[in-house]
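Have your viewer ready, with a selection box at hand. Each stop below gives you something to pick and then says what is there.

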Amino acid sequence: MGTALVLLFLLALAAIPGALLPQRSLNESKVAEYIAEHPTLGPWLDRVQAFDVFSSFWFTAIYVLLFVSLVGCLTPRLIEHFRSLRATPVAAPRNLGRLPKHHTAEVPGGDLTVMAASVDERLRGWRRTTRTEGESTEISAEKGYLREFGNIVFHFSLLGLLVAIAAGKLFSYEGNVIVIADGGPGFCTASPAAFDSFRAGNTVDGTSLYPMCIRVNDFQATYLDNGQAVGFQADIDYQAGDDLTSGTWQPYLLKVNEPLRVGGDRVYLQGHGYAPTFTVTFPDGQTRTQTLQWRPEDQISFLSSGAMRFDPPGGTYADERERRKNQIAIQGLFAPTASLHGTLLSSSFPEMRDPAVAVDIYKGDTGLDTGRPQSVFSLDERMIGQGRLTKMARVNLNAGQDTRLEDGTVVRFDGAVPFVNLQVSHDPAQIWVLVFSMTMMGGLLVSLIVRRRRVWVRLSPGPAGTMNVELGGLARTDNSGWGDEFERLTSRILTGIEQAAPVEREKKADLS
């Protein structure tokens with residue numbers, strides 16, 4: 001047990017780097033950024049797998065050693081417990097007066113066998129045995145074996161819980177994706193590339209995901225007058241199994257904490273926001289329309305920020321460099337219920353009642369062809385700083401309004417639609433985590449409530465036709481409440497003996 005406790009401490013200590021340093025499984029770009037900012041320390045930390053703590057060889061070694069230690073600790077305890085269950089309660093000590101709890105009494109005499117049977121009856125629920133030594137009869141009784149059983153169940157459940165969590169990390173995966181709630185094509189779980197972020201277990205390579213397609217028809221949120229959210233639900237359609245080949249869609253109303261369960265996967269509704277729609281009409285009359293999610297900056301009013309990039313339609317510019325110089329970019333704020341303070345836009349309510357935007361419109365090279373990753377919610381500041389992306393206008397627009405740039409380009413704000421953030425989770429060990437958690441709590445409660453007790457009763461003939469009754473008690477665990485319990489038990493046993501003696505005398509009188 002000491003070894004297991006040391007390994008458990010080491011496991012907690014080894015998890016600290018996983019909390020302090022960025023982990024590659026969660027955010028690979030953060031890891032690359034950390035290594036770039038720390039050119040000396042970063043590569044060394046990478047060599048010792050400090051950015052992959054929970055899948056590192058040293059963390060796995062501690063984990064496995066903890067399993068071995070727990071098994072080595074619990075198996076002998078289990079064997080010893082089974083032996084104690086089969087063993088006969090120990091004989092009474094020679095001097096019961098030395099025990100912490102002791103009581104003696106002298107009762108009217110009677111048949112020892114009858115009185116011993118009365119004591120045995122009063123100790124129902126205890127494991128007991130009766131021994132006869134000369135003229136004395138001793139009853140040994142024990143109870144509270146469930147305490148050790150609950151303790152063993154608790155520790156084996158803890159072991160099973162650790163195994164289930166480890167198995168879940170090996171075979172589980174979790175992906176998040178933002179889907180526009182406009183009844184569009186939605187997404188399919190055929191590949192990790194379909195998700196905006198994807199975390200896979202060590203044995204998951206992304207080729208065996210459960211195939212499923214989801215589209216979001218509508219999203220409804222209910223608010224109080226003060227803007228506090230009351231409920232969220234999304235009207236979705238999904239395809240799985242044979243529906244994928246037949247083209248049949250199944251309806252489902254997805255709510256918070258009421259996931260869609262299909263094929264071992266669970267689809268959760270995790271968040272929502274708004275996706276503004278902009279239409280850009282280029283000088284030659286060709287248009288580009290785009291609907292893209294913007295990030296909520298204020299979770300109460302849902303004032304959101306975001307950016308969009310529009311590439312001129314094919315054939316508008318023959319020269320590739322000229323095409324890049326005429327790209328259009330939009331960056332700004334979106335308010336579902338507009339509230340103006342001068343020219344500053346804010347939102348007064350999270351529900352979309354009077355949508356408006358305050359945007360900066362840029363023209364030039366948005367950096368889409370540079371190969372550098374960009375945030376979907378903001379423009380590349382390096383392109384703006386280098387003068388390759390020039391601000392052309394700053395305007396506030398309500399739904400349906402537009403603005404015209406100097407070269408004749410027209411930017412129109414068409415409105416917005418809700419989007420939802422869906423999480424697809426697969427964890428085959430989840431049910432076992434629940435089972436072992438429940439049995440662990442049950443074992444802990446039993447080990448805390450049940451108490452080990454031992455009681456001995458010695459009956460021996462006394463002077464002048466009386467009977468000596470001597471009782472001794474021992475608490476095998478804690479003494480809390482044992483005094484009152486022993487007194488109640490003593491009173492019950494003596495009452496039974498006194499009641500048995502007259503009955504026995506009456507039987508003898510009838511026989512005579």
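Start by selecting I16, which sits in helix α2. Bear in mind as you click around that this is a predicted model. I16 is partly exposed, since its relative accessible area is 40%.

**The nonpolar patch**

Keep I16 selected and add V6, F9, L10, L13 and L20: together these residues make a nonpolar surface patch of about 580 Å². Two elements, α1 (2-14) and α2 (16-20), give two or more residues each to it. Which of them has the largest share of the patch? That is α1, with four residues.

**The largest pocket**

Next, select S25, L26, F198, R199 and A200. Among the 49 residues that line the largest pocket, these five lie nearest its centre. The space in this pocket comes to about 1,600 Å³. To colour its walls by element, begin with α7 (145-171), which gives the most to the lining, eight residues. Other elements that each supply at least two lining residues include α3 (28-37), α5 (57-86), β4 (173-180) and β21 (410-426). If you colour by class instead, the lining shows 24 nonpolar, 16 polar and nine charged residues.

**Salt bridges**

Side chains of opposite charge can pair when their charged atoms come close. How many salt bridges are there in this model? The count is 26, and three of them make good stops.

- Select D52 and R24, a salt bridge whose closest N and O atoms are 2.5 Å apart. D52 is in the loop between α4 and α5, while R24 is in the loop between α2 and α3, so the pair ties together parts 28 residues apart in sequence. R24 is partly exposed, at 26% relative accessibility.
- Move to R323 and D369, where the closest N and O atoms of the salt bridge are 3.0 Å apart. Because R323 belongs to helix α9 (residues 320-325) and D369 to the loop between β18 (356-364) and α10 (381-385), this bridge ties together parts 46 residues apart in sequence. R323 is buried, with a relative accessible area of 12%, whereas D369 is partly exposed at 45%. Add D311, E320 and R324 to the selection and you have a network of salt bridges that links them with R323 and D369.
- Then pick R453 and E485, a salt bridge with its closest N and O atoms 3.3 Å apart. It joins strand β22 (residues 453-461), where R453 lies, to helix α12, where E485 lies, and so ties together parts 32 residues apart in sequence. Buried or exposed? Both R453 and E485 are buried.

**Backbone checks**

For the torsion angles, select Q49, in the loop between α4 (41-47) and α5. Q49 is not a glycine, yet its phi is positive, about 60 degrees. Its relative accessible area is 24%, so Q49 counts as partly exposed. N257 is another non-glycine residue with a positive phi, near 65 degrees. You will find N257 in the loop between β9 (250-255) and β10 (260-262), exposed, with a relative accessible area of 69%.

**Two distances to finish**

Select T337, in the loop between β15 (327-335) and β16 (338-341); T337 is buried, at 9% relative accessible area. Draw a line to F377, 40 residues away along the chain, and the C-alpha separation reads 20 Å. Lastly, go to R492 in helix α12 (residues 482-511), which is partly exposed at 38%. From R492 to G367 the C-alpha distance is 90 Å, with their positions 125 residues apart in sequence.

Definitions and conventions:
Residues numbered from 1 in each chain as written. Predicted model: local features only at pLDDT ≥ 70, side-chain atom pairs only at ≥ 80, totals over all residues. Heavy atoms only, no water. 1 Å grid on protein atoms, 1.4 Å probe; cavity = no way out; pocket = protein on both sides within 12 Å on 5 of 7 lines; lining within 4 Å. Points joined across faces, edges and corners; volume = space filled by probe spheres on them. Nonpolar A, V, L, I, M, F, W, Y, C, P; charged D, E, K, R; others polar. Patch = residues over 30% accessible without salt bridge, like charges linked within 9 Å, V, L, I, M, F, W, Y side chains within 5 Å. Areas by Shrake-Rupley, 256 points an atom, 1.4 Å probe, with all protein chains shown as cover. Salt bridge = Lys/Arg side-chain N within 4 Å of Asp/Glu carboxyl O. Buried < 20%, exposed > 50% of the residue type's maximum accessible area, 1.4 Å probe, protein only.
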